[in-house]
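Work through the exercises below with the sequence and the structure side by side. Each task is followed by a solution that proceeds step by step.

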Amino acid sequence: MDGILREVNIKSDMPTVDDAIRRITYNVKNAGALGVTAIKFVHGYGSTGKGGAIRTEVRKYLERQKTRKQISNYITGEDFSIFDEATRNAFAVCDMLRRDNDLDRHNNGITIVIL
C-alpha cells in the first residue's frame, strides 16, 4: 500500500502543552477524511532547557490513544529506523515513510503516528 504521509509542525509558534495536544487531536481525527495513513509530528525535543514538556505529553497522549485504539501505533523519532520492527510494519501502511528525511536519524524531536 502506498499510503499518504502528512507532516505537521506543532512547535513552530511555541504553543502551550494543551494547545499542542489539541493540534495533535485535530490532525489525527481529520486525517482519515484526507486519506492520510501516517502523520509525522514535529514537536521539538526541549532544547530550551524546559525538559521537552510538549514531547513528553504528546507521547503520553498518543499512548492513551493507542490503548483506546484511536490510532494503530506511534513511533518515536529516536526509534524511527529500518532496524525497528514497528517502523518496518509502518512501511506496509505508508511507503512514503521509507523516504522520510528523519529515517535512521534518531531525531527525538519528532513522533510518527500510524492511523
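**Exercise 1.** In this predicted model, decide whether R22 is buried, partly exposed or exposed, and then examine its salt-bridge partner.

*Solution.* Begin with the accessibility of R22, whose relative accessible area is 52%. Since exposed means over 50%, R22 counts as exposed. Next, look for its partner: the side chain of R22 meets that of D19 in a salt bridge, with 3.9 Å from N to O. D19 has a relative accessibility of 24% and therefore counts as partly exposed. Finally, place the two residues in the chain, where both belong to helix α1 and are three residues apart, about one turn of the helix.

**Exercise 2.** Find the salt-bridge partner of K40 and say where in the chain the two residues lie.

*Solution.* The partner is D102, and the closest N and O atoms of this salt bridge are 2.5 Å apart. The pair links distant parts of the chain, because K40 sits in strand β2 while D102 sits in the loop between α3 and β4, 62 residues away. Turning to accessibility, both K40 and D102 are buried. The two residues also belong to a network of salt bridges that links E7, K40, D100 and D102. To put this in context, a search of the whole structure finds 10 salt bridges. One of the other pairs is D95 with R98, whose side chains meet at 2.6 Å from N to O. Here D95, at 22% relative accessibility, counts as partly exposed, and R98, at 46%, counts as partly exposed too.

**Exercise 3.** Work out the order of the strands in the sheet, and explain why β1 and β3 each have one side without a neighbour.

*Solution.* The sheet is open and has four strands, which follow one another in the order β1-β2-β4-β3 with mixed pairing. Reading this order from end to end, β1 (5-9) and β3 (73-76) stand at the edges and have a single partner strand each, so one side of each is left without a neighbour in the sheet. From one strand to the next, the twist averages 20 degrees.

Now take the pairings of β2 in turn. Strand β2 (residues 38-42) pairs with β1 in the parallel sense over five bridges, whereas its pairing with β4 is antiparallel, also over five bridges. F41 can serve as a landmark in β2, for it is the bridge partner of V8 and stands opposite T111 in β4.

**Exercise 4.** Determine how many residues of β2 are buried, and which of them lie on each face.

*Solution.* Count first: five of the five residues of β2 are buried, so that the strand is described as mostly covered. Then sort them by face, which puts A38, K40 and V42 on one side and I39 and F41 on the other, with both faces covered.

**Exercise 5.** Describe how helix α1 is placed against the sheet, and which of its residues are buried.

*Solution.* Start with the helix itself, which has 15 residues and reaches 21 Å from its first C-alpha to its last, close to the 21 Å expected at 1.5 Å a residue. Helix α1 (residues 17-31) lies across β1, β2 and β4 (110-114), and runs at about 165 degrees to β2. Another helix, α3 (residues 85-93), packs on the sheet as well, where it touches β3 and β4 and makes about 125 degrees with the direction of β3. Together, β1, α1 and β2 make a right-handed β-α-β unit.

Next, list the buried residues of α1, namely A20, I21, I24, T25, N27, V28 and A31. The elements that cover them include β1, β2, α2 (53-67) and β4.

Finish with one residue of this list, N27, which lies in helix α1. Because buried means under 20% relative accessible area, N27 counts as buried at 7%. Leaving aside residues up to four places away in sequence, N27 touches R6, V8, I39 and F41.

Technical notes. Residues are numbered from 1 along each chain as its sequence is written. This is a predicted model: local features need pLDDT of at least 70, side-chain atom pairs count only at pLDDT 80 or more; totals for chains, interfaces and linings use all residues. Side-chain values use heavy atoms; hydrogens and water are left out. Two strands pair if DSSP finds at least two bridges between them. Axes are lines fitted to C-alpha atoms, for helices over the stretch in contact, and angles run from 0 to 180 degrees between N-to-C directions. Contact means heavy atoms within 4.5 Å. Buried means under 20% relative accessible area, exposed over 50%, partly exposed in between (1.4 Å probe, protein chains only). A crossover is right-handed if, with the strands pointing away from the viewer, the path from the first strand over the helix to the second runs clockwise. A salt bridge is a side-chain nitrogen of Lys or Arg within 4 Å of a carboxyl oxygen of Asp or Glu. The expected span of a helix is 1.5 Å times one less than its number of residues.
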